[in-house]
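User: Could you take a close look at one part of this model for me, the surroundings of the bound ligand? Once that is done, I'd like to hear how the helices pack elsewhere in the chain.

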Amino acid sequence: MIEIRGVTKRYGALTALDNLSLTIGPGEVFGFIGPNGAGKSTTMKILAGLLQPDSGTATVCGHSVATEAPAIRRVLGYMPDFLGVYDDLTVDEYLQFFASAFRIERGRRRAVVSSVLELTDLTDKRHAMVDSLSRGMQQRLGVARVLIHEPKVLLLDEPASGLDPRARIELRELLLELKRMGKCIMVSSHILTELAEMSTSIGIIEKGRLLFAGSIADAFARAGAGERIAVALEPGSADGAAAAERLRADARVAGVTLEPPGPDGAPGGLIVELTPGVHGHHFLIESLMAGGARIASFTPRPIKLEDAFLRLTKGQLN
Ligand SMILES: Nc1ncnc2c1ncn2[C@@H]1O[C@H](COP(=O)(O)OP(=O)(O)OP(=O)(O)O)[C@@H](O)[C@H]1O
Ligand SMILES: [Mg+2]
């Protein structure tokens, strides 16, 4: 659905995108992550046909962004990072305006606008002035606007920025709904946990270079991060050293840290890091018990996308 090949974009002396290549398939929700100034918005503007690359090519649904702008506009919905200001327009008028801009026939406009209002939960606000909406509602209106012409591909540039927790959850639900509808979505965000929940794949960009593209599981594996499990021991248990020895010899275990006993005599414990890509805990419990450890609690701590992101953007690649 989206194909970027060797795209370079310069602003004067600054190389904003450096030979970027990326493919996004149907039904994919591609989370685009990168520090400020990495080139995310620039990439989206190029795909939307608002910027021309200095070299390289990009297509959306097989249409060249450089030479087939009208076709791109039909298949693509682009939500920029700023909505812009529209004085003296109600929500309904605003959406009607875009419906006519997209040449939706007059007779169908009302129904189309009603359906996007419904989907974005803005029906109650249809007669409110756009400028009077809260930030979260404005973001949802931005999404409503890009859905008007039923595009197959959506580019959403930081749709969750500035939203309170509740509005973020609502936005996430909306994006999951769009995913269920089979849209191909490229979404940028700095809120990594959120991207992890809704994306089927992610791309990490830094200084205009793509550091990684693939599934979230692959990102973790590439970052060399495995799941961690905190094991607390019962009073009277063996001290964990023997269990740690056994675990260190197991290829499924990347490392074991012993936690010393507490000052109040509470027994220590172990932090076990699994080898990236290893899942399932049964072997671990068996091995601990065989080492004489009596388990008081066993707490898997899933690795976070933040950890993988930090490792990848520090250049700590495997
Ligand atoms: N119109 C412009 N003129 C000059 N430089 C620009 C222009 N637009 C972007 N840049 C520069 O290009 C680089 C990439 O910017 P871009 O907006 O694509 O980053 P981003 O990943 O979207 O960042 P953010 O997370 O802050 O939104 C930055 O260094 C930025 O300063
Ligand atoms: Mg940006």
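Analyst: Sure, let's start with the ligand, keeping in mind that this is a predicted model. By class, the shell around ligand 1 splits into 6 polar, 4 nonpolar and 1 charged residues. Going through the names, you'll find Tyr11, Leu14 and Ala16, then Gly34, and then the run Asn36, Gly37, Ala38, Gly39, Lys40, Ser41 and Thr42. Two elements, β2 (14-24) and α1 (40-47), each give two or more residues to that shell. Of the contributors, α1 has the largest share, with 3 residues. The charged member is Lys40, since Lys counts as charged.

Now zoom out to the whole chain. The domain assignment cuts the protein into domain 1 (2-222) and domain 2 (226-302). Their C-alpha centres sit 44 Å apart.

On to the helix pairs. Two packed helices are described by the angle between their axes and the distance between the axes.

Take α3 (residues 91-101) and α4 (residues 106-119) to begin with: their axes come within 10 Å and cross at roughly 120°. That angle falls outside the 65 to 115 band for perpendicular and is not over 145, so α3 and α4 are oblique to each other. The crossing of this pair is right-handed. On the α3 side the contact uses Asp92, Leu95, Gln96, Ala99 and Ser100, and α4 answers with Arg109, Val112, Val113 and Val116. Sorted by class, the contact of α3 with α4 has 5 nonpolar, 2 polar and 2 charged residues.

Next come α5 (residues 135-147) and α6 (residues 165-180), which pack at about 15° with their axes 10 Å apart. With angles under 35 degrees counting as roughly parallel, these two helices are therefore roughly parallel to each other. α5 passes α6 in a right-handed crossing. From α5, the residues making the contact are Gly136, Gln139, Arg140 and Val143, while α6 brings Ala167, Leu171 and Leu174. That gives 4 nonpolar, 2 polar and 1 charged residues in the contact of α5 with α6. Arg140 is the charged one here, as Arg belongs to the charged class.

The last pair lies within the residue range of domain 2. Helix α9 (residues 241-248) packs against helix α10 (residues 282-290) at about 135°, with 8 Å between their axes. An angle like that is not over 145, the bound for roughly antiparallel, so α9 and α10 are oblique to each other. Here too α9 passes α10 in a right-handed crossing. The residues that meet are Ala243, Arg246 and Leu247 in α9 and Ser287, Leu288 and Ala290 in α10. The contact of α9 with α10 comes to 4 nonpolar, 1 polar and 1 charged residues. The polar one is Ser287 and the charged one is Arg246.

Note on methods. Residues are numbered from 1 along each chain as its sequence is written. Chains are lettered from A and ligands numbered from 1 in the order in which they are written. This is a predicted model: local features need pLDDT of at least 70, side-chain atom pairs count only at pLDDT 80 or more; totals for chains, interfaces and linings use all residues. Axes are lines fitted to C-alpha atoms, for helices over the stretch in contact, and angles run from 0 to 180 degrees between N-to-C directions. Helices (H or I, at least four residues) and strands (E, at least two) are DSSP runs, numbered from the N terminus. A crossing is left-handed if the near helix is turned anticlockwise from the far one by less than a right angle, and right-handed if clockwise. Two residues are in contact if their C-beta atoms, placed from the backbone, lie within 7 Å. A residue is near a molecule or strand if its C-beta atom, placed from the backbone, lies within 6 Å of it. Domain bounds come from an automatic or database domain assignment.
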